[in-house]
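This report describes one protein model for a reader who has not seen it before. The text goes from the overall layout to single residues and their contacts.

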Amino acid sequence: MVDAPKGKRPDSPIFVRSEVDDLGLSVEAFRVYGHLARRAGANNDAWPSYQSIGDTCFSGSHPPLKPESRRRKAMRAVKELERRGLIKVNRRRLNNSRGSLSNQYQILPLSKWPTDIRPKRKRGAGTSKPS
């Protein structure tokens, strides 16, 4: 697990980098990105199936979604993350091409993000204090 940067609420159960939060991802893509990041190992790779992603991320949807709908929602979210340059997807196939294995998802470090999606932060922006 990665610790929150020094002085950034170390007791908080979750830490979301401002660079990710400011991208304007869809709610679904944001949720899937968080799930893939949690599942990723030391080399930033994860291998969940679309169904597993959909079940984990969208089982609490209202109205409730059927399993196939959760799977399709996961596929759309993964496609958005890939299109935006946040992840790379290695679509793995069985040797006989009749079926597939779960995909390999690589979470790309900020340094590998396309420069055009990196948010431009205004000086002093990003910290807000409750009124």
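Read from the N terminus, the elements of the protein chain follow the order α-α-β-α-α-β-β. That makes 4 helices and 3 strands in the protein chain. The model is a predicted one. Of the 131 residues in the protein chain, 28% are buried. Among the contacts with a separation of 6 or more, 52% are between residues 24 or more positions apart.

**Helix 2 against helix 4**

Two packed helices are described by the angle between their axes and the distance between the axes. For helix 2 and helix 4, the angle is about 85° and the axes are 8 Å apart. An angle of 65 to 115 degrees counts as roughly perpendicular, and helix 2 and helix 4 are therefore placed in that class. On the helix 2 side, the residues that meet helix 4 are Glu28, Ala29, Val32, Tyr33 and Leu36. Their counterparts in helix 4 are Lys73, Ala77, Val78, Glu80 and Leu81. Sorted by class, this contact has 7 nonpolar and 3 charged residues, and no polar ones.

Phe30 is also part of helix 2. The C-alpha atoms of Phe30 and Leu81 are 8.5 Å apart, while 51 residues separate the two along the chain. Leaving aside residues up to four places away in sequence, Phe30 touches Val16, Val20, Asp21 and Leu25. Is Phe30 buried or partly exposed? Phe30 has a relative accessible area of 32%, so it counts as partly exposed.

**Ser26 and Glu80**

Ser26 sits in the loop that runs between helix 1 (18–21) and helix 2 (27–39). Its relative accessibility is 25%, and Ser26 is therefore partly exposed. Which side chain does the side chain of Ser26 contact? The partner is the side chain of Glu80, in a polar contact of 2.6 Å. Along the chain, Ser26 and Glu80 are 54 residues apart, and their C-alpha atoms are separated by 8.4 Å. Glu80 has been named above as one of the helix 4 residues that meet helix 2.

**Salt bridges**

How many salt bridges does the structure hold? There are 6 salt bridges in the structure. The table lists some of them.

| Side-chain pair | N to O distance |
|---|---|
| Arg17 and Glu19 | 3.3 Å |
| Arg70 and Asp55 | 2.9 Å |
| Arg91 and Glu82 | 2.9 Å |

In the pair of Arg70 and Asp55, the salt bridge spans 2.9 Å from N to O. Arg70 belongs to helix 4 (residues 67–84) and Asp55 to helix 3 (residues 50–58), so this pair ties together parts that are 15 residues apart in sequence. Arg70 has a relative accessible area of 13% and is buried, because the cut-off for buried is under 20%. Asp55 has 30% relative accessibility and is partly exposed.

Arg17 and Glu19 are joined by a salt bridge too. Arg17 is partly exposed at a relative accessible area of 40%, and Glu19 is partly exposed at 25% relative accessibility.

The salt bridge between Arg91 and Glu82 is formed by their side chains. Arg91 counts as partly exposed at 42% relative accessibility, and Glu82 as partly exposed with a relative accessible area of 27%. Beyond this pair, Glu68, Arg71 and Arg72 form one network through salt bridges that share partners.

**Backbone features in two loops**

Most residues other than glycine have a negative phi, and most peptide bonds are trans. Where does the chain have a cis peptide bond? A cis peptide bond joins His62 and Pro63, with omega about 0°. Pro63 is placed in the loop between helix 3 and helix 4.

Asn44 has a phi near 65°, a positive value in a residue other than glycine. This residue, Asn44, is found in the loop between helix 2 and strand 1 (45–46). With a relative accessible area of 33%, Asn44 is partly exposed.

Terms used:
Residues are numbered from 1 along each chain as its sequence is written. This is a predicted model: local features need pLDDT of at least 70, side-chain atom pairs count only at pLDDT 80 or more; totals for chains, interfaces and linings use all residues. Side-chain values use heavy atoms; hydrogens and water are left out. Helices (H or I, at least four residues) and strands (E, at least two) are DSSP runs, numbered from the N terminus. Buried means under 20% relative accessible area, exposed over 50%, partly exposed in between (1.4 Å probe, protein chains only). A polar contact is a pair of N or O atoms within 3.5 Å; within protein, one must be able to donate a hydrogen and the other to accept it, and residues adjacent in sequence count only if both atoms are side-chain atoms. A salt bridge is a side-chain nitrogen of Lys or Arg within 4 Å of a carboxyl oxygen of Asp or Glu. Contact means heavy atoms within 4.5 Å. Axes are lines fitted to C-alpha atoms, for helices over the stretch in contact, and angles run from 0 to 180 degrees between N-to-C directions. Angles under 35 degrees count as roughly parallel, over 145 as roughly antiparallel, 65 to 115 as roughly perpendicular and the rest as oblique. Ala, Val, Leu, Ile, Met, Phe, Trp, Tyr, Cys and Pro count as nonpolar, Asp, Glu, Lys and Arg as charged, and the others, Gly among them, as polar.
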